[in-house]
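Student: I am new to this structure and would like to go through it with you. Could we take it one question at a time?

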Amino acid sequence: MNPLYDPIASFGTGPKPLKLVVAGPVGAGKTSFVRSLSETEVVGTDELATEDIGKTFTTVAMDFGTLVLDGQPIFLFGTPGQDRFDFMWEVLCEGALGLVLLVAGDKPSEFSQARRILEFITSRISVPFIVGVTRQDLPKVWSSEDVAEYFGLPTAQVVSLNATRSTSSIFTLIHLLELVGAYQLSESFVSSDAGLAEPQNGFGQQ
Amino acid sequence: MSKQETLYQAINQLRASIPELRGAIVASSDGLAIAHSLSNGEDPNRVAAMAATALGLGKRISESLNAGSLTETSVSGTNAQIYLYAAGQKGVLAIVAPAGANIGLIHMEARETAKAVASIL
């Protein structure tokens with residue numbers, strides 16, 4: 001298997017790249033997640049943080065990385081975390097086929113912010129998602145089961161991970177891809193019944 | 001004079017020298033509004049975040065294509081043009097000019113303002 005995906009060489013031949021978006025509050029580990037997974041150099045937009053957010057740099061536009069998993073090319077787009085960049089959530093989620101919402105397991109005070117981000121995105125685009133509870137290497141951290149209960153989600157839709165470790169991130173990605181596969185099957189089933197299909201809201205409506 | 005007063009002085013001076021400007025704003029490179037003078041009631045916080053995003057992406061494009069460090073970038077619409085100037089490592093100066101404005105003069109004045117802003121920040 002050739003790990004490096006060349007979109008020009010494979011144009012019109014191989015499988016189409018799958019666009020996945022990584023969202024979540026500041027410091028959840030979105031940039032780490034993209035960096036730990038990408039097989040190509042990550043396009044990042046880190047700038048000096050002028051607020052006290054517990055780290056020196058913050059993403060202002062996006063992170064972009066690529067990888068190939070089981071022959072499937074994947075384009076990963078990481079979003080900025082702060083509300084003031086919500087226009088980038090819209091821009092980056094356009095055409096996304098899956099979403100990873102990351103939340104730091106040691107910062108329960110940010111769970112409500114994570115939920116707002118999730119609602120912002122899922123109210124505009126119908127996309128399968130998983131919630132990833134990061135910073136699992138820390139001693140005091142919420143488990144994925146507890147976070148699933150907080151979000152009112154099935155436990156299968158919430159996973160624990162350490163976004164700085166690629167094996168942990170890959171596991172999260174595989175989990176999402178399983179959901180995406182199941183979702184696409186159910187979508188093609190549902191779309192034959194117009195009454196059940198959820199309306200897909202277009203972007204650009206404020 | 002406080003930093004903020006000095007910054008306001010800089011952008012007010014810029015607007016005075018080019019009266020047709022529709023707005024000017026100074027933001028931190030992570031997208032927080034620091035000083036602004038916007039004529040059409042745009043939300044300065046939103047404009048500041050967008051300016052930082054555009055500049056951040058521009059910096060990355062500039063580096064990737066071996067164009068050196070980014071000095072400025074622009075967005076052109078049918079009604080107006082927006083110019084974004086890097087103000088040191090920490091800041092960005094954005095101005096909104098109507099279509100057909102004197103771009104030469106704008107660049108001359110705004111680059112000076114961006115330098116001044118960089119030294120204040």
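**Two chains and their contacts**

Tutor: This is a predicted model. We can start from one residue: B:G56 lies in helix α2 of chain B.

Student: Is B:G56 buried or exposed?

Tutor: A residue counts as buried when its relative accessible area is under 20%. For B:G56 the relative accessibility is 4%, so B:G56 is buried.

Student: Leaving aside neighbours within four places in sequence, which residues are in contact with B:G56?

Tutor: B:G56 belongs to helix α2 of chain B. With neighbours within four places in sequence left aside, its contacts carry the letter of chain A: they are A:T45, A:E47 and A:V60.

Student: How far apart are the C-alpha atoms of B:G56 and B:L70?

Tutor: Along the chain, B:G56 and B:L70 are 14 residues apart. The separation of their C-alpha atoms is 9.2 Å.

Student: What area is buried between chain A and chain B?

Tutor: In contact terms, 20 residues of chain A meet 16 residues of chain B. The size of an interface is often given as the accessible area lost when the parts come together. Carbon and sulfur atoms give 57% of that area here, and the total between chain A and chain B is about 1,500 Å².

Student: Which three residues supply 37% of the area that chain A buries against chain B?

Tutor: Between chain A and chain B, about 1,500 Å² is buried. On the side of chain A, three residues supply 37% of what that chain buries, more than any other three: A:E47, A:R84 and A:F87.

Student: How many salt bridges are there between chain A and chain B?

Tutor: Side chains of opposite charge can pair when their charged atoms come close. A search of the whole structure, over all chains, finds 10 salt bridges. Between chain A and chain B the count is four.

Student: What is the closest N and O distance in the salt bridge of A:E47 with B:K59?

Tutor: A salt bridge needs the nitrogen and the carboxyl oxygen within 4 Å. For A:E47 and B:K59 the closest N and O atoms are apart by 3.1 Å.

Student: Which element gives the most to the side of chain A that touches chain B?

Tutor: Two elements of chain A, β2 (46-48) and α2, give two or more residues to that side. The one that gives the most, with three residues, is α2(A).

Student: How many residues of each class does the side of chain A that touches chain B have?

Tutor: The classes are nonpolar, polar and charged. For the side of chain A that touches chain B, the counts are 10 nonpolar, five polar and five charged residues.

Student: Why does the salt bridge of A:D86 and B:R46 join two chains?

Tutor: The side chains of A:D86 and B:R46 meet in a salt bridge at 3.1 Å, N to O. A:D86 lies in helix α2 (residues 86-93) of chain A and B:R46 in helix α2 (residues 44-64) of chain B, so the pair joins two chains. At 18% relative accessibility A:D86 counts as buried, and B:R46, at 29%, counts as partly exposed.

Student: How many of the eight residues of α2(A) are buried?

Tutor: The buried residues of α2(A) are A:D86, A:F87, A:M88, A:W89, A:E90, A:L92 and A:C93. What covers them includes β1 (18-23), β5 (72-78) and α3 (111-122) of chain A, together with α2 of chain B. The helix is mostly covered, and the count of buried residues is seven.

Student: Which parts of chain B does the salt bridge of B:R111 and B:E72 link?

Tutor: In this pair the closest N and O atoms are 2.6 Å apart. The residues are 39 apart in the chain, and the linked parts are helix α3 (residues 103-120) and strand β3 (residues 72-76) of chain B.

Student: How far apart in sequence are B:E112 and B:K115?

Tutor: B:E112 forms a salt bridge with B:K115, with the closest N and O atoms 3.5 Å apart. An α-helix has 3.6 residues a turn, so residues three or four places apart point the same way. B:E112 and B:K115 both lie in helix α3 of chain B, and their spacing is about one turn of the helix, three residues.

Definitions and conventions
Residues are numbered from 1 along each chain as its sequence is written. Chains are lettered from A and ligands numbered from 1 in the order in which they are written. This is a predicted model: local features need pLDDT of at least 70, side-chain atom pairs count only at pLDDT 80 or more; totals for chains, interfaces and linings use all residues. Side-chain values use heavy atoms; hydrogens and water are left out. Helices (H or I, at least four residues) and strands (E, at least two) are DSSP runs, numbered from the N terminus. Buried means under 20% relative accessible area, exposed over 50%, partly exposed in between (1.4 Å probe, protein chains only). Contact means heavy atoms within 4.5 Å. Buried area is the accessible area (1.4 Å probe) that two parts lose on being put together, summed over both. Ala, Val, Leu, Ile, Met, Phe, Trp, Tyr, Cys and Pro count as nonpolar, Asp, Glu, Lys and Arg as charged, and the others, Gly among them, as polar.
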